[in-house]
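User: Could you take a close look at one helix in this model and explain, step by step, how its residues are placed? I would like one connected answer.

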Amino acid sequence: MFYYSPYAGRGELTKLIASAGGVELEFGAMPEDRKDLCASCGAVGTGIPVLTHGDLKMCQSQAIQTYIALIAPNFAGLPPQARGIDAMWGAHVEDMIADCGKTGIFGLLFGGDTANFKQDDLKAALEKWFGLFERLCPAEGFVNGQGIPTAADCCAVLLYFAAFPFWHFYANAGFDPAQYPKFKSLAGRAAASPVLRKYVETSTSLMGDPFTKYPITAVCVVGPNGKVCGDGAEQAPGCAGKVTFEQTDANTTKISWEISGAGKEGLHGFHVHEKADFSNGCASAGPHYNPFFKTHGAPGDEERHVGDLGNITVGADGKSSGSITDKLIKLSGPTSVIGRSVMVHADEDDLGKGDNSKAGEAGPPQNGFVSKVTGNAGARIACGEIKLA
Ligand SMILES: [Cu+2]
């Protein structure tokens, strides 16, 4: 039985390691006064997390992580060297938190104390640690060269995806962990691995955030964004409209749209793309937003990009309006779509169920043959940047 707060903090790494290792953790309800529970687990004061397992009662996050990894069936064959490297990563994470803590960030987060917060120091600490992590990350596969992520890879997932406290460190320091490419792709690979993907998607603690206030709203004004030749805008030169987003809790965002001039009647692909770069019209907005390294699918599928919103229905008058609710579109935190783009396509999105025979070929996706990449949704007829309202 594992006891911790509902947010990521120092409890999250244990949960990630349990998931990767195939250990089913039970979560205990924290008593209102936890003094006795903590004391019985060997803790000073009311420190958490604490763990009970049969006769075992213990505390200290790193010790609990080690214990869970040792009993994990998926890690049964891990050599001692790998266990050592895993422990090293865990210790680095603790040292990083301690370094960041010296900059007054927790006083700022919990008490609004701006006077004693040293932003430059926080940024320097993060740059120091991420420089190290980048150096320790493999270009491919996982840290210990195993077929599945181990605790070291779980550290990368934690640092990249956990809202509390990590994304508050980054936001307040003006720091972007996505600037570390090997680290970013290791975190994405590990999060997308079969042993972690379910956990990462459904965990309420990983991206849960005590400091985010809902609702959050955003708008996106879409249009052809110039470049009438070459990027599809000529197929519906007057396509324009507005898309609004409202996130009401950690896993619910309502997306409403009103589009006109969308050309032919019928279904048109409708996505969030990675970037709001329109330097080459809608063509330069990048692929579907896909932080979890998945393949293209329908909004209700488990295997889908975060940006996969399916189709909108355009009438004979070229207009479309409607709304959907989605669980993966977020307006804050590590997988926020703010600063990314909405895209309207000329053709129907086949939702990953069409011709995919050229998906593996080099070069840009070839429309009509890349169902699991683009949904074969054709030209990009309107796009715009998603901005906080
Ligand atoms: Cu698209």
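Analyst: What follows looks closely at helix H6 and then turns to other helices for context.

The model is predicted, so every value here is computed from predicted coordinates. Helix H6 covers residues 119–136, and at 1.5 Å a residue its 18 residues should span 26 Å; because its end C-alpha atoms are 26 Å apart, the expected span and the model agree. Within H6, the buried residues are Leu122, Ala125, Leu126 and Phe133. Seen down the axis of H6, these buried residues fall within an arc of 95°, so they line one face of the helix. On the other side of H6, Asp120, Lys128, Gly131 and Arg135 are exposed. As for what covers the buried residues of H6, the list includes helix H4 (80–101) and helix H5 (105–111), together with helix H8 (163–173) and helix H9 (181–192).

A second part to consider is the largest nonpolar core, which has 99 residues, and among these Cys154, Cys155 and Val157 touch the most other members. Helix H7 (residues 151–161) gives the most to this core, with 10 residues. Leaving aside residues up to four places away in sequence, Val157 touches Leu16, Ala187, Ala190, Ala191, Leu196 and Val200.

Finally, there is a pair of helices to compare with one another. The axes of helix H1 (residues 12–21) and helix H3 (residues 61–71) come within 9 Å and cross at roughly 5°, and that angle makes H1 roughly parallel to H3. Where the two meet, H1 contributes Leu13, Thr14, Ile17, Ala18 and Gly21, while H3 contributes Ser61, Ile64, Gln65, Ile68 and Ala69.

Technical notes:
Residues numbered from 1 in each chain as written. Predicted model: local features only at pLDDT ≥ 70, side-chain atom pairs only at ≥ 80, totals over all residues. Core = buried A, V, L, I, M, F, W, Y, C linked by C-beta atoms within 7 Å. Buried ≥ 20, exposed ≤ 12 C-beta atoms within 10 Å, placed from the backbone. Helix = DSSP H or I, 4+ residues; strand = E, 2+ residues; numbered from the N terminus. Contact = placed C-beta atoms within 7 Å. Expected span 1.5 Å × (residues − 1). Arc of directions from axis to C-beta. Axes fitted to C-alpha atoms, helices over the stretch in contact; angles between N-to-C directions. Parallel < 35°, antiparallel > 145°, perpendicular 65-115°, else oblique.
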